[in-house]
Amino acid sequence: MSAVGSPLFSEVRLARQLLRGSDRRERWRIALTGAGAALATGFALAAVTLASVEGVYTVSVLHGLLSDPGTRSGVIAGLLLLLVPVLAFLGQCTRIGAVHRDRRLAGLRLAGATPWQVRRVAALETGLACLAGSVVATTGSVVVLLRLWSGPNATTWAGIALVAVGVPVLGAAAGALALRRVVTSPLGRVRRVRPAAGRGPGLLFLAALTLLAGVAPFAVTGGHRFGNRPHWETPLTVFCLVLALGTGAVWLAGATSRGVGRLIAGRARSAAPLIAAERLRDDPWAPARTHAALLVVTVAATAFLCIRHTFLAELRSDEQTGADVAYYTTGLDLTGAALLVALAIALSGLAVGTAESLTTRRRTLAAQVAAGVPRTVLSRALLLETALPLAPALLLAGAGGMVVGAWYATLTGTAALPWTALLVAPAVYASCLLAAATALPLLGRSVSPGELRYA
Amino acid sequence: MTNGETRGPLLAATGLVKAHGRTQALRGADVELRAGEILAVTGPSGSGKSTLLHCLAGIVRPDAGSVTYDQQRLDRLPEKRRSELRRTDFGVVFQFGQLIPELTALDNVALPLMLSGADRAEARARAGEWLERFEASGQAERRPGEMSGGQAQRAALARALVTGPKVVFADEPTGALDSLASEQLMAALAQTARESGTAVLLVTHDAQVAAYADREVEVRDGAVAALEVTA
Amino acid sequence: MSTRHILLGLLASSPSHGYDLKRRHDERFPQARPLAYGQVYTTLQRLVRDGLAEVDGTASDGGPERTAYRVTDEGARELTRWAAEIAPPAPFVTNEIFAKLVVSILTGADADAYLLAQRAAHMRRMRELTAVKTAPGTDLTTVLSADYALTHLDADLRWMTTTAARLTTLTAEVCAT
């Protein structure tokens with residue numbers, strides 16, 4: 001590939017050509033990646049902006065919650081926590097059509113492209129979509145910011161610029177990283193039908209967690225001087241505990257999936273659980289990757305309900321004025337709303353992941369239907385693929401959340417835990433099944449006999 | 001094989017028309033399959049052979065024309081009923097893709113029996129017999145990805161035959177195999193079909209594979225021409 | 001098809017007389033054309049003349065005199081040389097079907113119909129050979145001979161298919177010269 005002019009332009013041209021000839025699934029990938037990037041940029045921008053505010057600054061929204069540096073740091077922490085499901089969602093989006101893109105890039109390599117050229121194309125595929133999302137989010141955020149805040153300072157603008165540029169760059173890096181195996185050994189991708197299963201809950205997710213864990217202490221403590229704010233350790237500890245327990249639940253879930261699969265496969269009486277269990281046994285870390293964000297959200301939500309209960313009990317027992325109670329309850333409600341948003345994003349990630357695993361297996365599924373396997377059996381197997389590994393994992397996550405809640409309760413001396421917190425895990429489970437079920441209409445389209453025709 | 005001739009063809013299609021998007025795959029194809037006979041369908045690639053097979057097996061509804069199986073109109077049946085028919089009366093062998101990659105060969109072959117309600121242990125036992133018959137019992141606990149192409153296709157054949165179907169539809173079954181594996185597969189298919197009186201519709205572009213059939217028809221530009229009729 | 005080397009090889013495995021040799025040949029190569037007695041005897045004489053075989057003895061057990069033959073050391077060496085020699089792959093392009101086709105075009109006959117009829121005959125023979133091959137209890141020698149014939153018939157068929165597709169161009173070329 002001899003380049004006329006700058007080498008980057010030939011890759012951009014190639015990326016554009018690839019896009020023009022792409023099918024519906026590619027467009028979905030780009031749209032979803034853009035949306036995810038916009039969300040990530042939005043949350044990060046909000047966090048950065050809030051972090052750059054110094055001292056007390058009266059803001060009319062949200063019951064004055066943003067005015068006080070102490071509570072502001074809580075909001076920042078919440079925004080950062082919201083980044084976890086968004087980044088997991090982005091991870092899902094980069095995996096859409098991964099097998100197909102792998103083969104495409106392998107083809108480029110075999111046609112003579114150098115490894116760096118192919119890396120650039122891969123980076124562009126993801127990076128440009130993230131750039132689009134980032135631009136949209138930044139424009140919107142800046143407009144809102146200028147209406148609310150009359151004097152944003154230099155730090156704010158620096159932070160905004162950093163986020164606006166950082167998100168697409170990270171996206172591009174993730175895109176190039178995800179396809180690193182193709183770059184080094186194109187034949188490996190071209191020959192094998194299934195890519196080798198990755199171990200562990202996904203590089204992107206782990207990177208996101210480490211990033212957050214590193215940044216969070218600074219964000220939480222950043223808005224004030226030392227000693228001003230009483231017990232900042234508690235939110236931070238809660239934050240870290242939630243993350244740690246979430247990661248632990250993910251890892252444990254992945255490690256036990258193979259055992260669960262083997263157990264169910266041995267005892268399965270009918271076709272659908274057999275298929276689902278064997279699939280689980282074959283690739284135990286795939287569901288862990290898809291469910292990672294959900295598990296973290298479940299831990300957080302269960303912990304939140306316990307903490308809220310304890311907090312409110314503590315509030316009512318103290319002598320506070322009515323206005324103060326409203327202040328705190330708004331904060332709590334805001335956190336609850338944020339958790340619901342996080343759940344929604346995580347559920348979308350699950351839906352995307354389920355749809356993607358369906359379309360990757362199109363030809364096999366079409367052949368099964370052609371051989372006479374009823375569609376209901378395949379639908380049930382698909383739902384079971386989500387349901388089987390998720391049940392023990394959510395149980396663990398719920399238990400983890402209760403542990404955090406209990407720890408917080410012991411801090412303040414109240415013993416009671418709300419029974420509603422126990423409902424979180426089953427409620428999340430039910431909504432996950434619903435989210436997975438949204439992929440079922442796609443099953444009908446995937447098994448059309450047209451899929452049988454291509455080698 | 002003789003009672004098939006007195007009762008009429010087991011599977012017959014007349015005037016089949018089918019388009020895929022803008023390409024016309026079949027333009028008025030007629031074909032007949034008698035009970036117990038092996039029919040080869042040959043023709044250049046892209047001529048509509050696979051589409052013909054899909055219409056005859058009830059996998060796809062033709063745009064026009066009729067498909068009659070055992071005196072009932074196959075193309076008029078709802079998908080659920082056609083799917084059931086494909087499970088009990090038909091067997092299919094494709095070039096690739098029909099084994100579930102996560103299940104072992106034994107479970108794959110036992111699957112049609114399990115779907116029809118058989119007990120899992122019994123289904124596995126019968127599947128084991130079929131695998132042994134095709135000399136693939138050493139692969140019983142392996143997954144399709146761990147077997148050679150020939151072994152996987154023999155397992156696929158076992159799966160197609162395990163329910164005792166009346167018709168087996170084979171679409172380029174040897175397409176991805178080397179000559180020795182092709183030989184073994186075709187020998188297994190032909191021998192079992194003759195022993196059990198199963199009819200076989202064999203789509204292939206390989207003359208040596210088509211030579212296993214009793215009769216051959218050619219599909220050219222979406223229409224069927226009989227090349228040869230032998231007793 | 002070097003008949004003399006085949007007979008020499010059979011002699012090398014165990015000496016026999018002419019009648020027995022013919023029987024052994026037909027048994028071992030069932031798909032080849034059966035040998036005539038005259039041809040066997042002539043070949044044996046020539047082998048003796050060339051020093052590759054010699055008379056082993058005569059036996060007459062009540063019937064006509066039967067001369068047994070066996071292979072000489074020279075004959076054994078000649079066999080080894082011949083068996084290791086590579087058969088030249090198709091040095092001459094002698095194609096009867098192609099000749100008939102060109103003649104059909106030149107005389108204005110229906111070349112397409114000829115190709116179709118020839119193809120049908122090939123397929124018929126291939127079906128027969130396949131039936132022989134897959135009959136239960138067939139030994140491997142028969143299978144291998146049948147496979148050889150099948151592969152070559154298949155090659156002919158492929159050639160006929162591509163030629164049928166190029167018939168119009170061929171007709172133009174043949175008629176122009």
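In this predicted model, eleven residues of chain B are in contact with ten residues of chain C. On the chain B side of that contact, two or more residues each come from helix H7 (179-196), helix H8 (207-210) and strand S10 (223-228) of chain B. H7(B) contributes the most to this side, namely three residues. Classified by residue type, the side of chain B that touches chain C comprises six nonpolar, three polar and two charged residues.

A further contact joins chain A, with 22 residues, to chain B, with 23 residues. Helix H11 (271-282) and helix H14 (362-370) of chain A each provide at least two residues of the side of chain A that touches chain B. The largest share of this side, six residues, belongs to H11(A). Its composition by class is eleven nonpolar, five polar and six charged residues.

Within chain A, helix H12 (residues 285-317) and helix H15 (residues 375-412) have axes that come within 8 Å and cross at roughly 30°. Angles under 35 degrees count as roughly parallel, and H12(A) and H15(A) are therefore roughly parallel to each other. Their crossing is right-handed. The residues of the contact of H12(A) with H15(A) divide into 16 nonpolar, nine polar and one charged.

The class compositions are set out below.

| Set of residues | Nonpolar | Polar | Charged |
|---|---|---|---|
| Side of chain B that touches chain C | six residues | three residues | two residues |
| Side of chain A that touches chain B | eleven residues | five residues | six residues |
| Contact of H12(A) with H15(A) | 16 residues | nine residues | one residue |

Technical notes
Residues numbered from 1 in each chain as written. Chains lettered and ligands numbered in written order. Predicted model: local features only at pLDDT ≥ 70, side-chain atom pairs only at ≥ 80, totals over all residues. Axes fitted to C-alpha atoms, helices over the stretch in contact; angles between N-to-C directions. Helix = DSSP H or I, 4+ residues; strand = E, 2+ residues; numbered from the N terminus. Parallel < 35°, antiparallel > 145°, perpendicular 65-115°, else oblique. Left-handed = near helix turned anticlockwise from the far one by under 90°. Nonpolar A, V, L, I, M, F, W, Y, C, P; charged D, E, K, R; others polar. Contact = placed C-beta atoms within 7 Å.
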